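Me: Please take a close look at one part of this model: its side-chain contacts, ring and charge alike. Begin with how far the model can be trusted.

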Amino acid sequence: MPRCQGHYSNSFLLYLFASFFICLKALGSSMSNGLNGHYQCAETELNSTEGELFLSEAFKVILEEAVHKATDVKEKVCEWKDPDQLRDVLDLELRDHGETHQQLLQRVRDVAKHSVKTNHPRFFNQLFAGVDYHALTGRLLTETLNTSQYTYEVAPAFVLMEDVVLRKLRSLVGWAEGDGIFCPGGSMSNMYAMNVARYWAFPQAKTQGLWSVPRLAVFTSQESHYSMKKSAAFLGIGTENVYHVKVDESGGMIPEDLEAKIVHAKSQGAVPFFVNATAGSTVQGAFDPLDRIADISESNGMWMHVDAAWGGSVLFSKKHKHLVAGIERANSMTWNPHKMLMAGLQCSVILMRDTTDLLMRCHCANATYLFQQDKFYDISLDTGDKSIQCGRKVDCLKLWLMWKAVGSQGLANRVDMAFANTRYFVEKLKKREGFQLVSEPQFVNVCFWYIPPSLRGKENSADYKDKLAKVAHKSCEIGICVAPIIKERMVKQGSMMVGYQPLDGRVNFFRMVILSPQLTQSDLDFCLDEIERLGRDL
C-alpha cells in the first residue's frame, strides 16, 4: 500500500472525529474564558464544557502522536528511556489535587511519545502490527459508548452485531450452524474450549467439582501456545497432565507421537479428553496436520480444538486456506482477528461446531438480577451467561466496521499481501551473506540467524553454536549473544523492533513477523540492512 493512502485515511479519521465535537463550535470562546488554563471545578464536580474541550484537544494530540507519527517511517518505532528516566519524564506520581488543562495535555503527549508505536511500518515484534483506520474508529466508538455486552437491554446493536459476525466467521470454517462468543484474548478462548470440552465429557464437573471426574489428559504440541498449560492449571486439571507431542522440523505436530502419547496416558490411568491442534504456532508459524489429528481424536472419543489465534485468517484466502484443511472437523477453534486482520486489540473469538447450547450450559449461573426470564423481548438475545465474565467489553464493532469497509475480498487481499511480502523477504535473506534461515517458513513468521563477520565460514567448527550464542566483543570481557545485543541496539536507536528467542536447543534467533499491508519492500530491505549495520562489529 502506498504511503499516501495511509495519509488519506488519517484525514478521514480527523474529519470523522471532528464531527463528534462539532457542538464545541457553538460554545466558542465562552469555554476558553471560563477555563483560563485550569479545571476550576475539577476537584468538586464534572464540568461537561471543560471536559469536552479537553477531549477535543487531547484527540488532536492523539491523532498527531499516535496516528500520524506512529505510521510515519521517518519517525522512531520507540523513544527508548530506561525505567528511572521514564518515571521522571511521565511524572507518574498521584497527588491530592488535580493538574491544569495544559499539564494534562502534556501527560497525553508524553505517554504517546514514549510508547512503542505498534502501527509503525518497521514494528515486527509481535503477532500484531499496523493500523486499520475503520477498525480504529470502531475501537474509539466502543470506548465512548462504554457499554457491556451481556444483555440486549444495554447493548442491542452489539448483541445483534456479534451474532452476525460469529455466524460469518463460522461459515468460513465450514460450519452452517454452531455457537461462539468474543473473549478477552486467545488464551481465554483456549481456556473456554478446554472447560467446555470437560463439561462435554463429564458434565458433573460443573456441580460436583474435581472429585467427581477421573484424572484427565490434555494433548498439545511442543510448540503450542503456553495457554494450554495455564488453562490446565486454572481448571484444576494440572500441568503434569498436559502431554506435549513431538513436532517435525517445521514445528508441526507428529500424529504418530500423538497416538503414542494417548496410549501412554491411558497406561497411567488418565482419561484422554482434549486435543489441541495449532494453526500458526507462535514462533515458527507452523500448522499441525488437522485431518490426521481429527482422525485420531474421533477414534479416541476426544474433543478436538484448533488454536488458530494466529493462523485462522488464512480462511479468507483462496490461495492459502489449504494450510488449515480439515479444520471443519474440529469441535472448536480460537481465532484472533486482532492479529493478521489488524482489527486492533483485543478481538478474539471461540467458535464451536456444537448446536446443543454447550457453551451456555457449561458457563451459565442464571443470575436473576441480570438475566430475568420475564423480559419484554426475546431473552435468547441475552448471551452474557455464555461467558465466564459478567461485564464484557464490546469487541465485535471494530471487526464489523472494518469488514464492512473492505469486504471479505479486502481481508483476503490483506492475507495474500502478507504472504507475498514474506516471500520477498525470504528471497532477499537467502541471497544476503550473514543470514541463515532456521527453517523454511510455512506462514509469515520468518525465523533466522544473523551470522556476524567473525563467525562466517566457521559453521562446521565444533564450538560454532557456542560462539553464535556468545561471541567476543571488544567492549566486553565476556561473550555476548548476537540476537539480544542487536535487539538492544535497534530498540535504543528506535530504528525498528524485531523479536528473538531460543527454541528446542537452538540458540537465539530472530523471528520476523510480516503482516501489515502498510509495509513496502523498502521496509523489508531496511530490516536486513539494519541488522547487518548493528551487528557488523560482533
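Reply: Start with residues 472-479, where pLDDT (the predictor's confidence in each residue, from 0 to 100) stays under 50. The model gives this stretch seven contacts beyond four places in sequence, a contact being heavy atoms within 4.5 Å. Residues 1-9 also stay under 50, with 12 such contacts. The chain as a whole averages 90, and 89% of the residues score at least 70.

This is a predicted model, in which local features need pLDDT of at least 70, side-chain atom pairs need 80 or more, and totals for chains, interfaces and linings use all residues. Numbering runs from 1 along each chain as its sequence is written, and side-chain values use heavy atoms, leaving out hydrogens and water.

Now the rings. The whole structure holds 16 aromatic pairs. Rings of Phe, Tyr and Trp (its six-membered ring) pair if their centres lie within 6.5 Å; planes under 30 degrees apart are stacked, over 60 edge-to-face, the rest tilted. Phe 425 and Phe 448 make a tilted pair, 6.0 Å between centres and 55° between planes. Phe 425 sits in helix α15 (residues 397-431) and Phe 448 in strand β10 (residues 445-450), 23 residues apart. Helices (H or I, at least four residues) and strands (E, at least two) are DSSP runs, numbered from the N terminus.

Phe 448 has a second partner, Phe 435: tilted again, 6.0 Å centre to centre, 50° between the planes. Phe 435 lies in strand β9 (residues 435-437), 13 residues from Phe 448. Phe 425 and Phe 448 are both buried. Buried means under 20% relative accessible area, exposed over 50%, partly exposed in between (1.4 Å probe, protein chains only). Phe 448 stands at 0%; Phe 435, at 9%, is buried too. Ring pairs join Phe 425, Phe 435, Phe 448, Tyr 450 and Phe 510 into a cluster.

Next, the charges. There are 27 salt bridges in the structure, each a side-chain nitrogen of Lys or Arg within 4 Å of a carboxyl oxygen of Asp or Glu. One of them pairs Asp 529 with Arg 432, with N and O 2.9 Å apart. Asp 529 lies in helix α18 (residues 521-535) and Arg 432 in the loop between α15 and β9, 97 residues apart. Both ends are partly exposed: Asp 529 at 39%, Arg 432 at 21%.

Arg 489 and Asp 537 also meet at 2.9 Å, N to O. Arg 489 is in helix α17 (residues 482-493) and Asp 537 in the segment after α18, so the bridge ties together parts 48 residues apart in sequence. Arg 489 is buried at 19%, while Asp 537 is partly exposed at 36%. Elsewhere, Asp 91, Arg 95, Glu 99 and Arg 107 form one network through shared partners. Within this network, Arg 107 meets Asp 91 at 3.0 Å, N to O.

Ring and charge also combine. The charged end of Arg 122 sits over the ring of Phe 526, 3.8 Å from its centre. The rule is NZ of Lys or CZ of Arg within 6 Å of the ring centre and within 35 degrees of the ring normal.
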